[in-house]
Amino acid sequence: MPLPISNSRHVAVADGPGSRVVAVADLAASLGVDALIRLHEEDFSGLARVGCDLVHFNLERTINRAGLRYALLPIRQAGRRRPGGAEELPVLDPTRFRTGLCVAVRQGVPVEAVPPALFRASLPAIRDADALAAALVRRYAGLFPDLAPADLVARGCAITRLRLAED
């Protein structure tokens, strides 16, 4: 059974010392894109060292679609799931973002089956299967606290290939 996808209709954005909830579609429209990709701060910082092609990994599957323009935004505060499964939304920083066109998506790829060429286009912190496994655990353990790290990694990954715009 697939894991639940994070809330794709609403997100929280930083607003002064606090945050407010906004519709993803409204935020995307204000940034001139079709949709959003949320990146943890460490991953967002790594974008500065990536060329125009980026491979991004999600746990298990993604709703990203080829042909759509995405804004890649840093997560200021990570989301998590409360006991019972309710999701606390991540808080994004909409003042900093990169844009890119999604050129391909693959779902449910075993971590150990990711081709080495894709790691060369990934974020600097994810250059092999072990680093990908560690990144998936770091990113998703708070969303799925009932799963052990090995169980998270065993679910595989989704692979999104993007062509980043020049900023």
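At 167 residues, a compact globule would be expected to have a radius of gyration near 15 Å, and the chain agrees because its own value is 15 Å (taken over C-alpha atoms, the rule being 2.2 Å times the number of residues to the power 0.38). This is a predicted model, so to speak: local features need pLDDT of at least 70 and side-chain atom pairs pLDDT 80 or more, while totals for chains, interfaces and linings use all residues. Numbering runs from 1 along each chain as its sequence is written, and side-chain values use heavy atoms, with hydrogens and water left out.

Along the principal axes, the C-alpha atoms take up a box of roughly 40 × 40 × 25 Å. Burial (under 20% relative accessible area, 1.4 Å probe, protein chains only) applies to 44% of the 167 residues. As for contacts (heavy atoms within 4.5 Å), of those between residues at least 6 apart in sequence, 75% link residues at least 24 apart.

The chain holds five helices and ten strands (DSSP runs, H or I of at least four residues and E of at least two, numbered from the N terminus). Strand β10, residues 157-164, is mostly covered, with six of its eight residues buried. Pairing here takes at least two DSSP bridges between two strands. Strand β4 (residues 53-59) runs antiparallel to β10, joined by seven bridges; aspartate 53 has arginine 163 of β10 as its bridge partner. Strand β9 (residues 98-109) is also antiparallel to β10, again with seven bridges, and valine 109 sits opposite cysteine 157 in β10.

Terms used
Buried < 20%, exposed > 50% of the residue type's maximum accessible area, 1.4 Å probe, protein only.
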